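Visitor: Hello! I am new to this structure and would like a close look at one part of it. Could you take me through the salt bridges and show me where their partners sit?

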Amino acid sequence: MATPPGPHLARLSDHFVDTRHALHRLAAHVLAPARKAVTGRIGLRPLPGGFGTPEFGDGQQLRVEGVSLVRRRDGRSDAVGITSLAAAAAFAGVTLSADPGIGSDPPPLGDVEGPLPVFPAAATALGDWYGFSAAVLEEFRAELKAEGRECSEVQLWPEHFDLGCNIEGVNFGSSPGDGYLAEPYVYVGPWNTEGLPDGDFWNAPFGAVLPYREILEAADQHDAALAFLRRGADLALQRAGEEP
C-alpha cells in the first residue's frame, strides 16, 4: 500500500525562520539529550503537530506539539507552553550543556533564560513540512526496497534539524532551512561530491536541492518532491556504483 501524501504545503509565515531556530535549539539541547541519556540514541521523528522522540525507557516520550512541549511518563501526559530552554529542560528533567553530545555542530546553547520565539502559524508550518517530507521519504524508501535496495530508517537528526535516510553513500532528505538556504528544501547529498557535474540537477555544493518555493508551485507537491528524489537516486546511485 502506498504511503498517503503528507500535508499540503502553504506559504510560510514571516516568523518561520525565528521559530525554526528556536525549535532547533529545543530539539538539540532538550529532546535529543533526554532520549540519549536513556538509550544512547539521538534520533527524533515527525509526529502529529510537530516532532519529538520515539518512546524510550519505560514508555517515556517528549514532543513538540504546536507551541507546547508535551511529556508522557508513567502513563500520564503533561504539557507546558514553550517559553525558554531553561524552563523546557526543567520540565523534561534534562541538564543543559553547551555540548549536548549530538554531533560536532549543534546549534548554540545561547541564553537559556531568554524567550524562545515560537509562533503558532510557523510552528504548524514546520510540523506540516516534516509530515510532508516524511510521507515523501517513506514512499521513496519503499520504492528502493522494492528494487532490492535498503535505505536506512528515516530519522530527524537534531544536530542539523534535517529529516533523512541514506543508502550506498548517498543522503536523501529534507531540511527546514539552514545557513545554506533559509527556506525549506528537499535534498540529495552524495558523501563524495568530488567531480559532481554542474547542471540543472547538481545545483548545491553538497549535491542538489529542490527549494520550497518550487514545491509550492508544483501541480502535485508530493509527486514533485518524489520525482526529485527519484532522479537523484538514478544519478547518484549509478555514479556511486561506478566509483572504484
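Guide: Here is a walk through the salt bridges, with a short look at the whole chain before and one neighbouring stretch after.

Please keep in mind that this is a predicted model. The protein chain is built with five helices and ten strands. Its radius of gyration is 18 Å, close to the 18 Å that the globule rule gives for 244 residues, so the chain is as compact as a globular protein of that length. Along its principal axes, the C-alpha trace spans about 50 × 35 × 35 Å. Of the 244 residues, 49% count as buried.

Now to the part you asked about. Ten salt bridges are found in the structure. Let us start with the one between Arg72 and Glu55, whose side chains meet at 2.3 Å, N to O. This pair links distant parts of the chain, 17 residues apart: Arg72 belongs to strand β4 (residues 68-73), while Glu55 sits in the loop between β2 (50-52) and β3 (61-65). How open are the two partners? Arg72 has 22% relative accessibility and so counts as partly exposed. Glu55, with a relative accessible area of 52%, is exposed, because the cut-off for that word is over 50%.

A second bridge joins the side chains of Asp78 and Arg71, this time at 3.5 Å, N to O. Here Asp78 counts as partly exposed, at 21% relative accessibility. Arg71 has a relative accessible area of 16%. Buried means under 20%, so Arg71 falls on the buried side of that limit, whereas Asp78, at 21%, does not.

For a third bridge, look at Glu183 and Arg213, with side chains that meet at 2.0 Å, N to O. This pair, too, links distant parts of the chain: Glu183 lies in the loop between β8 (170-175) and β9 (185-190), Arg213 lies in helix α4 (residues 212-217), and 30 residues separate them. Glu183 counts as buried, with 17% relative accessibility. Arg213, in contrast, is partly exposed at 44%.

Salt bridges can also join up in a network, and you can find one here: Arg41, Arg45 and Glu153 are linked in this way.

While you are in this region of the sequence, have a look at strand β1 (residues 45-47), which holds Leu47. Leu47 has 18% relative accessibility and therefore counts as buried. Leaving aside residues up to four places away in sequence, Leu47 touches Gly52, Thr53, Gln61 and Arg63. Asp18 makes a useful landmark for distance: Leu47 and Asp18 are 29 residues apart in sequence and 21 Å apart in space, C-alpha to C-alpha.

Let us step back to the whole chain to finish. Links across the sequence also appear in its contacts: among those between residues at least 6 apart, 57% join residues at least 24 apart. As for charges, the chain has 19 positive and 33 negative ones, and the mean positions of the two groups are 7 Å apart. The accessible surface comes to about 11600 Å², and 50% of it belongs to carbon and sulfur atoms.

How values were computed
Residues numbered from 1 in each chain as written. Predicted model: local features only at pLDDT ≥ 70, side-chain atom pairs only at ≥ 80, totals over all residues. Heavy atoms only, no water. Salt bridge = Lys/Arg side-chain N within 4 Å of Asp/Glu carboxyl O. Helix = DSSP H or I, 4+ residues; strand = E, 2+ residues; numbered from the N terminus. Buried < 20%, exposed > 50% of the residue type's maximum accessible area, 1.4 Å probe, protein only. Rg over C-alpha atoms; globule rule 2.2 N^0.38 Å. Contact = heavy atoms within 4.5 Å. Areas by Shrake-Rupley, 256 points an atom, 1.4 Å probe, with all protein chains shown as cover. Lys, Arg positive; Asp, Glu negative; His and termini not counted. Charge placed at Lys NZ, Arg CZ, Asp CG, Glu CD.
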